[in-house]
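This report concerns the structure shown below. Please read it with the sequence and the coordinates at hand.

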Amino acid sequence: REAFLKMWPIGKFPVLRDESRDWLVPESSIIVEYLDGRFPDRARLIPSDPDLARQTRMRDRFFDLYVQEPMQKIVGDRIRPEGMKDPFGVEEARARLKTALGMIEGAVGERWIMGDAFTMADCAALPALHYADRVMPLKDGFGRTRAYLERLRARPSAARTLKEAEPYFHLFPEEKAR
């Protein structure tokens with residue numbers, strides 16, 4: 001931890017350290033853009049078409065800001081000490097999450113969020129929807145979004161990532177029975 005904080009004092013991950021250029025690249029979206037630009041001969045996660053690239057970036061941000069963020073507010077409240085809970089904030093977060101899930105429900109196609117190509121937006125969607133499903137089950141009115149999440153989970157790279165994370169899933173604070 002000490003070495004990580006020395007490298008990146010903010011202390012959040014992910015962070016990519018490119019030793020060959022002596023560059024530090026923090027934040028998932030920026031890392032994807034950096035790798036996309038450095039290795040254009042590999043699988044592209046940002047379309048070359050400027051309009052599709054902008055839409056991809058917008059959807060990447062959408063999953064982080066409007067799915068992940070309210071989900072984290074709800075989960076974070078679960079681990080607050082008694083007397084420090086924020087029921088009003090949690091209800092606001094649930095409403096924002098429900099709105100965002102409804103928007104995804106209307107936008108997702110038969111394959112990926114941007115159509116046939118797997119993009120950076122899909123990378124952002126997996127963790128956001130994976131945990132949102134544990135906070136607000138997608139089976140309850142978000143069938144297309146649930147099917148999209150299942151496609152994401154079945155993708156080999158995502159399945160491998162989820163398998164590696166499995167030993168830590170028990171640390172996720174579930175909602176206590178009322």
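The following paragraphs treat a helix, a hairpin and a pocket in turn. The model is predicted.

Helix 3 covers residues 50-78, 29 residues in number. From its first C-alpha to its last it reaches 41 Å, close to the 42 Å expected at 1.5 Å a residue. The N-terminal end of helix 3 is capped by D49, which places a side-chain oxygen 3.0 Å from the backbone nitrogen of D51. Farther along, helix 3 bends by about 30 degrees at Q68, and the proline P70 follows within four residues.

Strand 1 (residues 15-18) pairs with strand 2 (residues 23-26) over four bridges in the antiparallel sense. The two strands form a hairpin with four residues between them. In the turn, D22 has a positive phi of about 55 degrees. Bridge partners in this pairing include those listed here.

| Residue | Partner in strand 2 |
|---|---|
| R17 | L24 |
| D18 | W23 |

The largest pocket holds about 1,800 Å³ of space. Its lining comprises 45 residues, of which P14, S28, Q68, C123 and P127 are the closest to its centre. Q68 thus appears twice in this account: helix 3 bends at Q68, and Q68 is also among the lining residues closest to the pocket centre.

Which helices each supply at least two residues of the lining of the largest pocket? They are helix 2 (28-38), helix 3, helix 5 (120-135) and helix 7 (156-165). Helix 3 gives the most, with nine residues. By class, the lining of the largest pocket has 26 nonpolar, 12 charged and seven polar residues.

Terms used: Residues are numbered from 1 along each chain as its sequence is written. This is a predicted model: local features need pLDDT of at least 70, side-chain atom pairs count only at pLDDT 80 or more; totals for chains, interfaces and linings use all residues. Side-chain values use heavy atoms; hydrogens and water are left out. The expected span of a helix is 1.5 Å times one less than its number of residues. The bend at a residue is the angle between axes fitted to the seven residues ending there and the seven starting there. A polar contact is a pair of N or O atoms within 3.5 Å; within protein, one must be able to donate a hydrogen and the other to accept it, and residues adjacent in sequence count only if both atoms are side-chain atoms. Two strands pair if DSSP finds at least two bridges between them. On a 1 Å grid over the protein atoms alone, a cavity is a set of points where a 1.4 Å probe fits but cannot get out, and a pocket is an open set with protein on both sides within 12 Å along at least five of seven lines; lining residues have an atom within 4 Å of a point. Grid points are joined across faces, edges and corners, and a volume is the space filled by probe spheres set on the points. Ala, Val, Leu, Ile, Met, Phe, Trp, Tyr, Cys and Pro count as nonpolar, Asp, Glu, Lys and Arg as charged, and the others, Gly among them, as polar.
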